[in-house]
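Let's take a walk through this fold together, from its sheets to its charged pairs. Have the viewer open and follow along.

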Amino acid sequence: MKLSEKTLAEIVEAGYSWADFESREELLQSIDAARAEGDTEREMEDGLKLTYLAEKEEQSIVDVESMSDCDFHSFELTSFARLAYAHGSCSWNDRAVGAIEYDRSYDDIRVLIEDMGDICAVYIKDYGFGYIKPFGECLYAIEDLEDDEFDEDAPLYLRVAMRIERDVLSGAIDLAVELSDYYHEIPKTAIKILGDSLNDLVTVQEAADALGVSAARVKKMLSDGVLDGFKCAGRLKISKAAVDARIEYIAEHGKPTRGKSRK
């Protein structure tokens with residue numbers, strides 16, 4: 001069988017390898033001929049066939065040549081940042097109760113800075129959760145940092161880290177919101193990562209029915225911190241465990257009749 005008779009799509013779909021074809025030399029000659037004729041499309045198609053079959057033969061998964069010089073630098077937040085600015089828990093054993101567990105001390109959070117030369121991308125990640133989320137302005141370019149007093153000869157990622165510190169201290173970055181949102185605004189891409197823990201989430205109406213209140217009341221309880229709620233792929237969900245805990249609280253203490261709900 002001749003390689004010229006098959007497209008790359010046909011080779012992939014049929015599971016062909018070099019052993020199924022007469023000669024590699026034929027393909028190399030075809031590539032040279034296409035280049036000489038200025039037939040860029042055929043040259044590219046045949047070049048992709050050559051690359052694909054060679055990678056399949058070598059069982060190559062990592063394209064080493066595609067690796068870039070971009071580096072991830074990371075740092076932890078200080079206790080001062082996590083507790084004073086992010087309002088984290090002083091107890092490292094204080095974990096959220098319910099569908100999605102996370103350390104309320106925010107001790108597992110790291111800030112990641114991807115240095116791409118003249119620009120850096122910034123994210124946060126809890127390695128127990130396994131996904132990253134944009135942090136702060138997300139993209140920081142050299143020209144954005146020109147007014148900073150920090151040493152302009154320092155590496156860009158370090159200058160970005162100092163800008164983040166300045167923005168947190170000034171209030172330009174609300175660290176409490178940034179870290180809370182990381183755990184409570186679950187992107188669609190993280191749903192599989194969190195797996196079965198999301199099965200314990202209920203809708204606002206389901207929570208309202210269980211508590212015997214209106215949906216609006218449930219949302220108020222969320223804003224007051226009485227219930228633990230999550231935006232899961234854009235849809236608001238409530239921890240069923242938090243609802244059950246609230247039902248137990250009401251059974252023991254009675255339902256609040258005025259003022260702000262008691263936690």
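What follows goes through the two sheets, then the salt bridges, and ends at a couple of spots on the surface.

Keep in mind that this is a predicted model. Let's begin with the sheet made from strands 1 to 4. Its four strands line up in the order 1-2-3-4, giving an open sheet with antiparallel pairing. Strand 1 and strand 4 (131-141) sit at the edges, each with a pairing partner on one side only. If you ignore direction, neighbouring strands here are turned against each other by 25 degrees on average.

Now go into the middle of that sheet. Strand 2 (residues 109-115) and strand 3 (residues 119-126) run antiparallel and are joined by seven bridges. To find your register, pick R110: its bridge partner in strand 3 is K125. Two helices pack on this sheet. Helix 5 (residues 156-170) touches strand 1, strand 2, strand 3 and strand 4, and its direction makes about 100 degrees with that of strand 4. Helix 6 (residues 175-184) packs on the sheet too, with contacts to strand 2, strand 3 and strand 4, and its direction makes about 145 degrees with that of strand 4.

Next, follow the chain out of strand 3. Strand 3 and strand 4 are antiparallel partners, with seven bridges between them. I119 is a handy marker here, as it stands opposite A141 in strand 4. The two strands make a hairpin with four residues in between, and G130 in the turn has a positive phi of about 90 degrees.

The other sheet is built from strands further along. Which order do its strands take? They run 5-7-8-6, again as an open sheet of four strands, but here the pairing is mixed. At the edges you'll find strand 5 (185-186) and strand 6 (201-203), each pairing on one side only. Strand 6 is joined to strand 8 (residues 235-239) by three bridges, and the two run antiparallel. Within that pairing, T203 stands opposite K237 in strand 8. Helix 8 (residues 204-211) packs on this sheet, touching strand 6 and strand 8, with its direction at about 90 degrees to that of strand 6.

With the backbone in place, let's turn to the charges. Side chains of opposite charge can pair when their charged atoms come close. How many salt bridges does the structure hold? There are 11 salt bridges in the structure. Let's look at a few. E37 pairs with R42, and their closest N and O atoms are 2.8 Å apart. E37 counts as exposed because its relative accessible area is 59%, while R42, at 29% relative accessibility, is partly exposed.

Another pair takes us back to the 1-2-3-4 sheet. E76 and R110 meet through their side chains in a salt bridge of 3.1 Å, N to O. E76 lies in strand 1 and R110 in strand 2, so this pair links distant parts of the chain, 34 residues apart. With 51% relative accessible area, E76 is exposed, whereas R110 is partly exposed at 22%. R110 is the residue we used to set the register against K125 in strand 3.

Then there's the salt bridge between the side chains of R82 and D107, at 3.7 Å, N to O. This one also links distant parts of the chain: R82 is in helix 4 (residues 79-85), and D107 is in the loop between helix 4 and strand 2, 25 residues away. Is R82 buried or exposed? R82 is buried, because its relative accessibility is 4% and the cut-off for buried is under 20%. Its partner D107 is partly exposed at 33%. Finally, D32, R35 and E43 are linked in a network of salt bridges.

Let's finish on the surface. I61, V62, V64 and M67 form a nonpolar patch there, with about 470 Å² of accessible area together. M67 belongs to the loop between helix 3 (40-58) and strand 1 (71-76), and at 58% relative accessibility it counts as exposed. In the loop between strand 5 and helix 7 (191-194) you'll find K188, which is exposed with a relative accessible area of 68%. For a sense of scale, the C-alpha atoms of K188 and M221 are 25 Å apart, with 33 residues separating them along the chain.

Key. Residues numbered from 1 in each chain as written. Predicted model: local features only at pLDDT ≥ 70, side-chain atom pairs only at ≥ 80, totals over all residues. Heavy atoms only, no water. Pairing = 2+ DSSP bridges. Contact = heavy atoms within 4.5 Å. Axes fitted to C-alpha atoms, helices over the stretch in contact; angles between N-to-C directions. Patch = residues over 30% accessible without salt bridge, like charges linked within 9 Å, V, L, I, M, F, W, Y side chains within 5 Å. Areas by Shrake-Rupley, 256 points an atom, 1.4 Å probe, with all protein chains shown as cover. Salt bridge = Lys/Arg side-chain N within 4 Å of Asp/Glu carboxyl O. Buried < 20%, exposed > 50% of the residue type's maximum accessible area, 1.4 Å probe, protein only.
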